[in-house]
Amino acid sequence: MLNVVIAAVIVATGAALIWPPIRKATLWRAAITPLASIIGSGFLVLGPILDITYGAFAPVVMAALCAVAWGLGSAIRFNIAAMDWDAAGRGRLETLGAWALAFAYVVSVAYYLNLFGSFALRLTPFDTDFNARLVTTGMFALILAIGWGKGFAALERAEMISVGVKLAIIAGLLVGLGWTFAERAGAGELVAKTPDMGGWAGVTMAFGLLVTVQGFETSRYLGAEYGAEVRIRSMKLAQAISSVIYVVYIAMFAYLFAPSAIELDETAIIELMGRVAAILPFLLTAAALSAQFSAAVADTSGSGGLLAELTGGRVSPRTGYAILVGCGLALTWGLGVFEIISWASRAFAVYYAIQATLAAQAARGGKSVLFWGLAALAAAIAILGTPVE
């Protein structure tokens, strides 16, 4: 029965998202890009990580991550309204921020494609770290071939479909978790565990998870398609939707699965969701592969274009793609997935620190103080964030 209910919810959600009044709404179309980035890889890895590390306090940590992301988003929204993107007239700090973002894209693509490799093999007999890295290497080669052949535009047009499928599957997953949560609550079988990690070590590990709620900054660079007001509202919408989903998800997850029963790896969510409903592992795998590939395409395209712009055309987008792939392969074979997550968090934290500093310099009074505080917090995340062990 639960499998049938989950399937029905997925179909109903998908139908709602392709309903013309929603699909064609300007605000929704503008929100698709940040939403695709925020609810992606993070959703796949956060549940097991937070449950094992923070136990019953996992929902609090998740809410704190979302609050930090909202605060950093407020600095970027201020910049959209006050300064907006001006490639010709930006100052040195804005240029430095653009370089930081280009580097963050490089690390994030490695993060996405390494998760792709892990999820691609999770339900097969070939599920080993080495084989997963081989798949990731093949995906990097495919990304480079597509970029070299100028095929990104066609793939990027599929972003709305990818996001719709992903949100529909997430809706089904939340219904499945809610059903199971209600059953176990009624039977008195919910679990609550004290954290394995607390104090300063717990704080710095949370710093290393910033990338899992990252992606809202993409609204900053949609000026060619949407005005400042639409981009600001779309970023708020994307962050609000993702925050509700994340907090509800973790609030149920943390009390359903005993941390001692979880083997922590990047694909742990697949086995755990199989305990909820037989249909979920296959749906999550499909959603994961689609989400990681589309996110990797988007960030590769963004990185190549940004490098070309920052170097005045001396580095072409094609060369930028090749640089990204070379760096991504080095990260793939030199680091584990959780280490890449931590480095991606650091890279984006540097970018956010620069954006918050720009906002602080332009703001007045209490807003300026708030943005300086956010800049200091982002700098601390960049310096002190640690990877999951």
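**Close-up views around helices α15, α16 and α5**

**View 1. Serine 342 and its contacts.** Setting aside neighbours within four places in sequence, serine 342 touches Gly208, Gly385, Thr386 and Pro387 (contact means heavy atoms within 4.5 Å). Serine 342 sits in helix α15 (helices are DSSP runs of H or I with at least four residues, numbered from the N terminus). With 3% relative accessibility, serine 342 counts as buried (under 20% relative accessible area, with exposed over 50%, using a 1.4 Å probe and protein chains only). This is a predicted model, in which local features need pLDDT of at least 70 and side-chain atom pairs count only at pLDDT 80 or more, while totals for chains, interfaces and linings use all residues. Residues are numbered from 1 along each chain as its sequence is written, and side-chain values use heavy atoms, leaving out hydrogens and water.

**View 2. The two faces of helix α16.** Here you can find the buried residues Ser368, Phe371, Leu374, Ala375, Ala378, Ile381 and Ala382 of α16. Seen down the axis of α16, its buried residues fall within an arc of 140 degrees, so they line one face of the helix (the arc is that of the directions from the helix axis to the C-beta atoms). The face turned away from this buried side carries the exposed Gly365, Gly366, Val369 and Ile383. Cover for the buried residues of α16 includes α5 (58-82), α10 (199-207) and α15 (337-362).

**View 3. Where α5 meets α16.** In α5, Val68, Gly71, Leu72, Ser74, Ala75 and Phe78 meet Lys367, Phe371, Leu374, Leu377, Ala378 and Ile381 in α16.

Key: Helices (H or I, at least four residues) and strands (E, at least two) are DSSP runs, numbered from the N terminus.
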